[in-house]
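This briefing covers strand pairing, the nonpolar core, one loop residue, one helix and the cysteines. The structure comes first, and the notes follow by topic.

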Amino acid sequence: MWIFGYGSLIWKVDFPYEKKYPGYIEGYSRRFWQGSTDHRGYPGKPGRVVTMIKCPEEKLWGIAYQISEECKEAVFGHLDHREKNGYSRSVMRFHPVEDSVPPFDCQVYSATPQNPEYLGPAPIEDLARQISSSEGPSGSNAEYVHRLASAFKDMFPGVEDEHLFQLDEAVRRFSNECSVVAEGEHPPSSG
């Protein structure tokens with residue numbers, strides 16, 4: 001049994017697995033369109049986490065983890081709880097980067113627009129503002145973005161994820177602006 005991770009499952013692997021492969025699922029892209037009131041925000045002040053959306057010309061890069069038969073029930077019980085806030089599981093075709101390994105099916109967690117936590121698209125600056133000010137039981141929403149972007153760059157050098165990288169930059173910029181104001185300082189004037 002295989003599970004595909006494209007969000008926090010890339011950098012927060014808290015379950016046993018036998019092997020892993022980097023690769024992608026065709027026809028999808030990663031977007032911060034899912035609300036998080038259980039990990040990176042609270043009810044009334046949700047954070048934003050990733051889900052996958054259909055994009056015919058795109059590739060959704062991530063990691064496939066092989067779960068042993070004896071651990072399958074415990075791992076999926078854990079992940080079903082971890083991904084409970086609007087995510088459901090489906091099976092999709094995974095394409096490993098390694099040429100010697102043929103494509104194979106993986107279980108994937110995704111959030112559809114029909115779930116009550118789905119927030120949908122917004123301009124990058126609005127996403128960054130919301131993410132920079134959100135925190136929940138699992139930590140700050142900004143940390144989620146930074147850790148995902150950092151892990152992605154390490155695991156997939158040369159692969160661009162424009163939405164993730166632009167959002168990471170915007171969150172850093174917005175967080176820096178907020179910390180300057182919070183310290184009572186003023187940004188330098190341009191004149």
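Arg89 has Tyr109 as its bridge partner in strand 5. The model is a predicted one. Strand 5 is taken up next, followed by the core and the other topics.

**Strand 5 and its neighbours**
- Strand 4, residues 87–96, runs antiparallel to strand 5 and is joined to it by eight bridges.
- Strand 1, residues 2–5, pairs with strand 5 in the parallel sense, over two bridges.
- Within strand 5, Gln107 is the residue opposite Ile3.
- Strand 5 spans residues 104–111, and seven of its eight residues are buried, so the strand is largely enclosed by the rest of the structure.

**Nonpolar core**
- The largest nonpolar core contains 51 residues, and Ile3 and Phe32 have the most contacts inside it.
- Strand 3 contributes the most to this core, with eight residues.
- Leaving aside residues up to four places away in sequence, Ile3 touches Leu9, Phe15, Ile63, Ala64, Tyr65, Ile67, Phe76, Leu79, Cys106, Gln107, Val108 and Tyr109.

**Thr37 and its loop**
- Thr37 lies in the loop between strand 2 (19–36) and strand 3 (47–66).
- Thr37 counts as buried because its relative accessible area is 18%, which falls under the 20% cut-off.
- The side chain of Thr37 makes two polar contacts with other side chains: one with Asn85 at 3.3 Å and one with Glu117, also at 3.3 Å.
- Asn85 and Glu117 are also among the residues that Thr37 touches, together with Tyr42, Pro43 and Pro46, not counting residues up to four places away in sequence.

**Helix 4**
- Helix 4 covers residues 141–155, and its 15 residues should span 21 Å at 1.5 Å a residue; the end C-alpha atoms are 21 Å apart, which agrees.
- The buried residues of helix 4 include Asn141, Ala142, Tyr144, Val145 and His146.
- Leu148, Ala149, Ala151 and Phe152 of helix 4 are buried as well.

**Cysteines**
- Zero disulfides are found in a search of the whole structure.
- Why is Cys71 without a bond to Cys106? The closest cysteine sulfur to that of Cys71 is in Cys106, and at 17 Å it is too far for a bond, the cut-off for a disulfide being within 2.5 Å.
- Cys106 is likewise in no disulfide, with the sulfur of Cys71 as its nearest cysteine sulfur.
- Cys71 is partly exposed, at 25% relative accessibility, whereas Cys106 is buried, at 2%.

Methods:
Residues are numbered from 1 along each chain as its sequence is written. This is a predicted model: local features need pLDDT of at least 70, side-chain atom pairs count only at pLDDT 80 or more; totals for chains, interfaces and linings use all residues. Side-chain values use heavy atoms; hydrogens and water are left out. Buried means under 20% relative accessible area, exposed over 50%, partly exposed in between (1.4 Å probe, protein chains only). Helices (H or I, at least four residues) and strands (E, at least two) are DSSP runs, numbered from the N terminus. A polar contact is a pair of N or O atoms within 3.5 Å; within protein, one must be able to donate a hydrogen and the other to accept it, and residues adjacent in sequence count only if both atoms are side-chain atoms. Contact means heavy atoms within 4.5 Å. The expected span of a helix is 1.5 Å times one less than its number of residues. A nonpolar core is a set of buried Ala, Val, Leu, Ile, Met, Phe, Trp, Tyr and Cys residues joined through side-chain atoms within 4.5 Å. Two strands pair if DSSP finds at least two bridges between them.
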